[in-house]
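Q: Please take a close look at a single part of this model. I would like to know how it is built and what surrounds it.

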Amino acid sequence: MNLIKALNTIAIAIPLLILITYPIFKESSLLFGLLSTMITGLIQVIIGLKLLFDKPKDRHIQTYIGAAIGFFTLWFINFQIGYNNIITYILLPIPLILAIYLSTLIYKKS
């Protein structure tokens, strides 16, 4: 669990560290910071799947995986219909909420 906790901390810290370089690198730091959040999301989904395989009966982890699947399903549907503004606005905060939820689960369990 300590490895998962450390990996999650690093995954969350990388976009923030990149954004701190804004005064030096300007817009490119914003671009790389935003791109690194996708890597953070991928790492967190992999961590969530590992936790699910380790503890398949844990309702909190099941909720996280279900919400992640729901996010990607809604994102795919939104792409198929040509990006509806309402659905897009609903989708925007979900990755942040998922990251906070998984981080809370990891830090409470360790």
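**A close look at helix α4 and its surroundings**

A: Start with one pair of side chains: S103 and N8 are joined by a polar contact of 3.0 Å. The model is predicted. S103 sits in helix α6. Its relative accessibility is 9%, so S103 counts as buried, the cut-off being under 20%. Leaving out residues up to four places away in sequence, S103 touches N8, I12 and Q44. N8 belongs to the buried residues of α1, together with I4, A11 and P15. Those buried residues of α1 pack against α3 and α6.

Now the overall setting. The protein has six helices and zero strands. From the N terminus on, the order is α-α-α-α-α-α. Along the principal axes, the C-alpha atoms fill a box of roughly 45 × 40 × 15 Å. The protein has 110 residues, and 25% of them are buried. Consider the contacts with a separation of 6 or more: 57% of them link residues 24 or more positions apart.

Helix α4 is the part to examine. It runs over residues 59-80, which makes 22 residues. From first C-alpha to last, α4 reaches 31 Å. That is close to the 32 Å expected at 1.5 Å a residue.

Which residues of α4 are buried? They are I61, Y64, I65, A68, F71 and N78. These residues cover an arc of only 155° around the axis, so they lie on the same side of α4. On the other side of α4, R59 and I69 are exposed. The cover over the buried residues of α4 includes α3 (27-54), α5 (85-91) and α6 (94-109).

The two ends of α4 each have a local detail. At the start, a side-chain oxygen of D58 comes to within 3.1 Å of the backbone nitrogen of H60. Just after α4, G82 has a positive phi of about 90°.

Next, the nonpolar core. The largest one holds 15 residues. The members that touch the most other members are I47, L51, I61, L102 and I106. I61 is also one of the buried residues of α4. Elements giving two or more residues to this core are α3, α4, α5 and α6. Of these, α4 gives the most, with five residues.

I47 leads from this core back to the opening pair. Setting aside neighbours within four places in sequence, I47 is in contact with I4, L7, N8, L102 and I106. Two of these, L102 and I106, are named with I47 among the core members that touch the most others. N8 is the partner of S103 in the polar contact. I4 and N8 are both buried residues of α1.

Finally, α1 itself, for comparison with α4. Helix α1 covers residues 2-20. Its 19 residues should span 27 Å at 1.5 Å a residue, and its end C-alpha atoms are 26 Å apart, which agrees. Still, α1 has a kink of about 30° at A13. The kink lies shortly before the proline P15, and P15 is itself buried.

To pull α4 together: its buried residues lie on the same side, under cover that includes α3, α5 and α6. Its five residues are the largest contribution to the largest nonpolar core.

How values were computed. Residues numbered from 1 in each chain as written. Predicted model: local features only at pLDDT ≥ 70, side-chain atom pairs only at ≥ 80, totals over all residues. Heavy atoms only, no water. Helix = DSSP H or I, 4+ residues; strand = E, 2+ residues; numbered from the N terminus. Expected span 1.5 Å × (residues − 1). Buried < 20%, exposed > 50% of the residue type's maximum accessible area, 1.4 Å probe, protein only. Arc of directions from axis to C-beta. Contact = heavy atoms within 4.5 Å. Polar contact = N/O pair within 3.5 Å; in protein donor to acceptor, adjacent residues only side chain to side chain. Core = buried A, V, L, I, M, F, W, Y, C linked by side-chain atoms within 4.5 Å. Bend = angle between axes of the 7 residues up to and from the residue.
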